[in-house]
Structure formats: C-alpha cells, structure tokens
Amino acid sequence: MTPAIFPIGLRISTAYLLLGSRAVLVDTGCPGEEQRILRALKRYNVEPERLALVLHTHGHMDHAGSTRALRERLRIPAAVHPGDAAKLRAGHSGELIPLRLSSRVLKWFLDPRFPAFEPDLQVEEGYSLQEFGIPATIVHTPGHTPGSLTVLFEDGRAIAGDLMMGGALGGLYHATEPGYHYFAEDFDELRRSIRKLLDRGAKTIFLGHGGPLDGARARERFAADITGLEERP
Ligand SMILES: [Zn+2]
Ligand SMILES: [Zn+2]
C-alpha cells in the first residue's frame, strides 16, 4: 500500500499526516495549535493509538511549537535530527539568519520561543521510518538549520520542511513556484542540500510554507545556484 500524505494547514505553516500501516505526524505548527491538529487526526479517522511518532523537519517555533502539548495528550515519541535537538530542549528557534532584506523585517514579527521538550529519538541520514509503519527514509538536508531533514518516499514524494519555500508571502501566493525560504543558517549548505535532494530523485516536494513543488521545476529554478558547488569533506 502506498502511504498517503495529508497536509494539515495551520496558522503560518503546514504539518503533514503520513498514513501507512500506522501514522506519523510531521511537524506541529506554532504553540497553541494542538487542537487543530487533534481535529485533523479525527477528520482522517486516526485513533490516537495508531499515531506512532511525531517527527520534526527542524527545530523552529512554527514546526515544533505544539509538540509538548500533543505529547502530553497522546504520549507519542518525538523525533528530531541531532543537529536541532538543542533547539527543542531550549524551546527556542535560535538565531534566524535572514537571506533577504524583507526577511530582516519579518524577523521582528516572529517570537522564537515555544514550549521546550526533550526529544525521545534522534534520527540521522538513512534512518528508515518502516518501524513506524511508513516506508520512507530520512535524508539529512541541513542549511536552513543544522538539523533540517527531509522525509523521502521511494516514489519521489518528499516532505522537506523549510529547505525551500513555495510562492510569495509564506506560500500565500503562487504556492507552487519554487523559491528560497526567508532564513538560512548556512546558505552554501542549503544549496548543497537542495542539490542532494533533487539528485536523490525528489519529484513532488511538500513544504512547511507553500508548495508542493515539482522536482523538475525546482531544478530549473535553482540550477544556476546549485551547479559547481564544492562538496564539503
Ligand atoms: Zn524554519
Ligand atoms: Zn517554517
């Protein structure tokens, strides 16, 4: 059975519900969005016992904000890449480094704090979600943050968090137009990660803001920025 990917539209970001033999929730939005997520689970007839894991694409406020509240309600383990574990423990997105001038303005509107929690599981490159009922693999795609990750399915569907952004104003307009997110802690690494994901065969890329993106169009959009990048040892 091909697992289904259901987007859960939240206030400023999108979480995803993966349904296979069990269910995995990818990201939890901002603080205070747990009720919206619980309602979405109900809508898709996912009993709390079926939910096996909450996985974070990265440790930002708008992706891990409601995890503590959900974990208290549902008692499910929370997973993150080791590179972003400290953000979850601190309940703080860390410094947001703007890529563009407009992001410098946006930065003032985003409170980086969220309810802190200790991750139960750290997942790295190549980790399989099979034990949680989802035949997909973790690809480490750092740059936006050091511990940013992508969930990649064999058929080329990918959930890439904030590796890229779709459209303008956080995906409000032209959502399927590939672009960069407002923030990146390491822009070179980000571009290497985009190339890595496209080289690994990502065809439909689901994002935290806007999307989904078509892999071929993303390659066109980023081609000039991702060719000729030196591999990091
Ligand atoms: Zn982010
Ligand atoms: Zn985000």
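In what order do the five strands of the open sheet stand? The order is β7-β8-β9-β12-β13, and the pairing among these strands is mixed. Good morning, colleagues. The structure before you is a predicted model, and I shall begin with this sheet before turning to the metal sites.

At the edges of the sheet stand β7, which covers residues 136-140, and β13. Each of these two has a single partner strand, so one side of β7 and one side of β13 are left without a neighbour in the sheet. At the β13 end, the pairing with β12 is antiparallel and rests on two bridges. Within that pairing, Ile205 has Leu213 of β13 as its bridge partner.

The loop between β12 and β13 deserves a moment of attention. Pro212 lies in this loop, and the peptide bond that leads from Gly211 to Pro212 is cis, with omega near 0°. The loop also holds His209, to which I shall return shortly.

Let us now consider the metals, starting with the zinc ion written as ligand 1. Which residues coordinate this zinc ion (ligand 1)? They are His58 through NE2, His60 through ND1, His144 through NE2 and Asp162 through OD, at 2.1 to 2.3 Å. Along the sequence, these donor residues follow the spacing H-x1-H-x83-H-x17-D. The pair of His144 and Asp162 links distant parts of the chain: His144 belongs to the loop between β7 and β8 (149-153), and Asp162 to the loop between β9 (157-159) and β10, 18 residues apart. His144 is buried, with a relative accessible area of 2%, and Asp162 is buried as well, also at 2%.

Why is the arrangement around the zinc ion (ligand 1) called irregular? The angles subtended by its four donor atoms run from 91 to 169°. A tetrahedral label would require every angle to lie between 85 and 135 degrees. For comparison, the ideal angle for four tetrahedral donors is 109.5 degrees.

The second site is that of the zinc ion (ligand 2). Its protein donors are Asp62 (OD), His63 (NE2), Asp162 (OD) and His209 (NE2), and they lie 2.1 to 2.3 Å from the ion. The angles here range from 86 to 157°, which makes this arrangement irregular too. In sequence, the donor residues are spaced D-H-x98-D-x46-H. His63 sits in helix α2 (residues 61-64), while His209 is in the loop between β12 (204-206) and β13 (213-214), so this pair ties together parts that are 146 residues apart in sequence. Both histidines are shielded by the protein: His63 is buried at a relative accessible area of 0%, and His209 is buried at 6%.

What connects the two sites? Asp162 bridges the zinc ion (ligand 1) and the zinc ion (ligand 2), and the two ions lie 3.4 Å apart.

I move next to the strands earlier in the chain. Strand β2 (residues 14-19) is joined to β3 by four bridges, and the two run antiparallel. Together they form a hairpin, with three residues between them. In this hairpin, Leu18 stands opposite Val24 of β3. β3 also pairs with strand β4 (residues 51-55), in the parallel sense and again over four bridges. There, Val26 has Leu55 of β4 as its bridge partner.

Are the side chains of strand β3 (residues 23-26) buried or exposed? All are buried: Ala23 and Leu25 point one way from the strand, and Val24 and Val26 point the other way.

Two backbone details may interest those examining the loops. Asp27 has a phi near 75°, a positive value in a residue other than glycine. This residue is found in the loop between β3 and α1 (34-43), and it is buried, with a relative accessible area of 3%. Arg75 likewise has a positive phi, near 55°, and is found in the loop between α3 (67-74) and β5 (78-80). Whereas Asp27 is buried, Arg75 counts as exposed, at 71% relative accessibility.

Finally, I turn to the surface. Leu169, Leu172 and Tyr173 make a nonpolar surface patch of about 360 Å². Of these residues, Leu169 is found in the loop between β10 (165-168) and β11 (173-179). Its relative accessible area is 57%, so Leu169 counts as exposed. Thank you for your attention.

Notes
Residues are numbered from 1 along each chain as its sequence is written. Chains are lettered from A and ligands numbered from 1 in the order in which they are written. This is a predicted model: local features need pLDDT of at least 70, side-chain atom pairs count only at pLDDT 80 or more; totals for chains, interfaces and linings use all residues. Side-chain values use heavy atoms; hydrogens and water are left out. Patches are made of residues with over 30% relative accessible area and no salt bridge: like charges are joined within 9 Å, nonpolar side chains (Val, Leu, Ile, Met, Phe, Trp, Tyr) within 5 Å. Accessible areas come from the Shrake-Rupley method with a 1.4 Å probe; for residues, only the protein chains shown count as cover. A salt bridge is a side-chain nitrogen of Lys or Arg within 4 Å of a carboxyl oxygen of Asp or Glu. Buried means under 20% relative accessible area, exposed over 50%, partly exposed in between (1.4 Å probe, protein chains only). Donors are N, O and S atoms within 2.8 Å of the metal (3.2 Å for Na, K and Ca); water is not among the atoms, so sites may look incomplete. Four donors count as tetrahedral if all angles lie between 85 and 135 degrees; four count as square planar and six as octahedral if opposite donors are over 155 degrees apart and all others between 65 and 115; anything else is irregular. Two strands pair if DSSP finds at least two bridges between them.
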